[in-house]
Amino acid sequence: MKASIRKYWQQVLIGALLLLLALLHVAGSPSLPTLSQIDVYLYDVRLRLGMPGGVDQRIAIVDIDEKSLAELGRWPWRRDHLAKLVDQLFDRYQIKALGFDVVFAEPDESAGLPVLRRLASNELSNNAAFQSELLRLTPELDTDARFAKALSNRPIIAGFYFSNEAKAVSSGALPPPILAAEDLAPVAPQIWGGKTYGGNLPSLQKAAGHGGHFVPVVDKDGVARRVPLVARIGDSYYPSLGLALARIALGQEAFSPVIEGSAESSFALEAFRLGKRRLPVNENGWALVPFKGPEGSFPYLSATDIISGKVPPAELKDRIVLLGTTAPGLKDLRVTPVGEAYAGVEIHANLIAAILDETLPQHPGYLLGAEFLLLLILGPLLVWLLIRFSPLIASLVCLLLLVLLCAGNIALWRYANIDMPLAASLMMIIGLYTLNMAYGYFFESRRKRQLTQLFGQYVVPELVERMSEDPEKYTMVGQNRPLSVLFTDVRSFTKISEGMPADELSRFMNEFLTEISTVIRHQHLGTIDKYIGDCVMAFWGAPVFDPEHAENAVLAALEIQVAIDKLNPKLVARNWPEISVGVGVNTGNVTVGDMGSQFRMNYTVMGDAVNLASRVEGLTKYYGVSILVSEYTRAAAPNLVYREIDRVRVMGKSEAVTLYEPQPLGAAKESFLMLFHESLKLYRNQQWDLAELQLLNLQKLDAGCKLYELYLERIQHFRQAPPASGWDGVHTFDRK
C-alpha cells in the first residue's frame, strides 16, 4: 500500500486537495461561489422536476387585473369599492380568510371629504345649512371608515412591507407582532428584518387586527426562492402574509420557535411550530417556497367580477383568498425558479399551500455532518478506484456513482422534502475523474513515449565490429579469467513442444531465441556460447574485456524478461502459447577459449562457476522467481538492487551460496525488500512466530508471491521437526 501511494502520489495529492476544498466549502469557510451557484441551479432543476402541477382549489387569487383597472379606474381605487369587494367575499361568497398583498398607506381623498371639511372649518364655518349637510354626507363620503367597517371582525390579514434602505422612512401602523423579543432572544442577531416599514393607515390596521409582510427574499441571481416566515422590525417579530393567512385559516393555532443548541456552544433556529405543524427554516428564519407549478397553479378571479357578483358562489366558498395584482403597470412581478415574470401574490399562495400540506423544504442541521461523511467516503474511494482499475471500469463506476447520487438526492427531495446540497459531491466525482484521466493521458503517455524514444535511439554496435578495430588484441588461446555466465531456460517447454508440428516448433523457437539473443548480443555486449535446445548460454568479459561484466549480465537478464513480455502478445496473435523464461547468473573464474576436437572447435567457457550458473537457473522455478544470481555476481555488481532469496547448497557443491533476485530498474519495492529481509533474519534465528507474522503481512501486500508461501511451509515443517542444533539456515538441494 505504501509503495502504491509513493507510485501514485500525484493522484493521491490531487484527491486530497479536492477533498479539502469540498469540505471547506461545505463548512462555509470559504464558500466557493461557483459551487454555490451550481447548488442553486440544481435546486431549481430539482424543484421543477418535482412540481406536482395542477390547480390548487383551496386558495384563490382575486386579481387586480387589466380588466378591473379598465372598469374601476386606475389604482388605488376608492375605498368604498374595496369595502364592497370585502363584503361580497365574506357575505356572498363565504370565504374562509382574506389577505391583502397590497398596502393602504394613504387616506382616500377621491370623494372630496377633506375639501368639504376644510371649507366647513374656514369659509363656510358660519353656514348652518352647509354644516348640517356635511354631517349628513360624511358617513357616505368617508370611504376609509366604510372600508374599516368592512374589515372589522373578519379573518383578514393586512399586508405591509419593510425596508433597509438608508433613505426610507417608516409610515402607517404595524399589526400586533407574532413573537416578542424574548421569544427569539438567543438567535435575534440572525433573524432577517428591516429598519423601516410601510404599514396601513392606523384605522385600517386596527380594523383588520392582523397583518403580515409580503417581502420575499431575492437571491444574488435576482430570483425569489424564499420568504422570511418571521421578520424582525425593532424588537418585535412579524409573520409573513402567507404564514399569517394560513394561521388565521387554521384557527389561530399556537406559534413558537424551535431553537437548537446551548449557551456553551451556540444557538440556531431550526424551525417554527404552528400547532402540530413543523415549519422548517434556515438560521435567518427563511422558508424555501415549494412552487406547485408555473403561474396559474391557483385559480385567478377578476376583482371587478367579484364586486359585480358575476362569479358563481361555489367557486369561492370556504377558500382562502389573496387580493393581489398581475397587471404589469403595478409592477408586482417577480423572477422565480418557475417563471421570469411570476405574480408576487402567487408566491404567497404557494407558501400557504406548503404550510397546509406540511411540505416546506427542510435543510436540517444534521445535513452538514451527512455531507461531510459522504465526501469523506467518496474522496478516498474515488482515488483508490481511479488508481486501481482500468479507465473503462473507472469510468463506468464513476458514472454509476453519479446516477446513484442524483437518484438519492431526488428521492430525499421527493419523499422527505429534504434539500440536500449536491454540488460538492458532484465536484468530487467529476473533478477527480477528469483530473486523473487528464493526468494519465498527458503525463503517463509522455513518460512512456520518452522511454520508448530513449531505448529506440540507443543502438549498441556488434561485438565483432568492436573486435575488428584491434584484432591483435584478442586471442583464441584458452586462458583463465573472471567472467559472468548466464543461462536461460523456457518453463514447461517439453509440454509446449509436444503439441506442435516440427516445422511450426522450429519457427516458434526461432522467434523467442532471436529475442533473447538480441538482448544479449546487441544490447548488453554478451557473447552467446551455445543453444542447448530451448536453453541459451552466454557470458560476459570475453573475448572483449569488460570490467562491468557482472552488471551487464544482470541487466541482460532483466532485459530478457522485458523482451519476453513484449514477445508474448505476438506469439498469442499467431496462436502460439505464451512462454516464461527463467534466468540464472553466476560470476567466477573460468577457462575461456577455443576448445573442442580436431573435428570441431568452439569458443566457450568451462569451469565450476559455469556449473553453478546452471544450478542457479534451475532454482528459479522452485522459488517462483524469473531471475536468480549468486552472491558472487551481486558482489561484482553492487550498483543494482537485490532481494535476498535464500542460502543454499546445490547438488555437487559442499559450500553454501546465497541467492539473490535482482530488481527491475526503477521499480524496486524497497518496503517489501526490507520486510522480507527482516523475515529471513527471524527465520534463520528460528523465531518462527515473528517470521510467520511478517510473511503473512507480506503475502497480503503482495498476493500471489510463491516465495512467501514457500517459507511459510518451511516454518510449519520446522515447528513439527525442528532443525538440528547449530543449524545455519542453509537449505540443501539433493537434485539439479
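This is a short walk through one protein chain, from its overall make-up to a pocket, two groups of strands and a few single residues.

Hi everyone, and thanks for coming. Please keep in mind that what we have here is a predicted model.

Let me begin with the overall make-up. The protein has 736 residues, and 47% of them count as buried. Its secondary structure comes to 25 helices and 27 strands. How do the contacts spread along the sequence? If we take contacts between residues at least 6 apart in sequence, 75% of them join residues at least 24 apart.

Now, the pocket, since I guess some of you will want to look there. I picked the second largest pocket, with a volume of about 1,800 Å³. It is lined by 47 residues, and the closest to its centre are Ser36, Val40, Arg226, His363 and Asp419. What is the chemical character of that lining? The lining of this pocket divides into 22 nonpolar, 11 polar and 14 charged residues.

And which element supplies the largest share of the lining? That is helix H3, with 11 residues. Helix H3 covers 33–49, and several other elements also give at least two residues each to the lining, among them helix H2 (9–27), strand S8 (224–228) and helix H13 (366–388). Strands S12 (267–274), S13 (277–280) and S14 (286–288) belong to that list as well.

While we are on helix H2, have a look at Gln10, which sits in that helix. Gln10 has 23% relative accessibility, so it counts as partly exposed. Its C-alpha atom is separated by 9.2 Å from that of Asn436, although the two residues are 426 apart along the chain.

Next, the strands. Strand S2, residues 97–100, has Ala97 and Gly99 pointing one way and Leu98 and Phe100 the other, and all of these are buried. Who are the partners of S2? One is strand S16, residues 320–324, which runs parallel to S2 and is joined to it by four bridges. In that pairing, Gly99 stands opposite Leu322. Another partner is strand S3, residues 156–163, again in the parallel sense, over two bridges. There, Leu98 stands opposite Ile156.

There is also a three-stranded open sheet to show you, with the order S4-S9-S10 and mixed pairing. Strands S4 (193–194) and S10 (236–239) each have a single partner strand, so one side of each is left without a neighbour in the sheet. S4 runs parallel to strand S9, residues 230–233, and two bridges join them. If you want a spot to click on, Gly193 stands opposite Arg232 in S9.

A quick stop at a loop residue. Ser297 lies in the loop between S14 and strand S15 (300–302). Is Ser297 buried or exposed? Its relative accessibility is 2%, so Ser297 counts as buried. Leaving out residues up to four places away in sequence, Ser297 touches Gly54, Val55, Asp56, Lys292 and Glu346.

Last, the cysteines. How many disulfides does a search of the whole structure find? The count is zero. Two cysteines to point at are Cys398 and Cys705. Cys398 counts as buried because its relative accessibility is 4%. Cys705, at 14%, is under the 20% cut-off, so it counts as buried too.

That is my tour. Happy to open the viewer and look at any of these places together.

How values were computed:
Residues are numbered from 1 along each chain as its sequence is written. This is a predicted model: local features need pLDDT of at least 70, side-chain atom pairs count only at pLDDT 80 or more; totals for chains, interfaces and linings use all residues. Side-chain values use heavy atoms; hydrogens and water are left out. A disulfide is a pair of cysteine sulfur atoms within 2.5 Å. Buried means under 20% relative accessible area, exposed over 50%, partly exposed in between (1.4 Å probe, protein chains only). On a 1 Å grid over the protein atoms alone, a cavity is a set of points where a 1.4 Å probe fits but cannot get out, and a pocket is an open set with protein on both sides within 12 Å along at least five of seven lines; lining residues have an atom within 4 Å of a point. Grid points are joined across faces, edges and corners, and a volume is the space filled by probe spheres set on the points. Ala, Val, Leu, Ile, Met, Phe, Trp, Tyr, Cys and Pro count as nonpolar, Asp, Glu, Lys and Arg as charged, and the others, Gly among them, as polar. Contact means heavy atoms within 4.5 Å. Two strands pair if DSSP finds at least two bridges between them.
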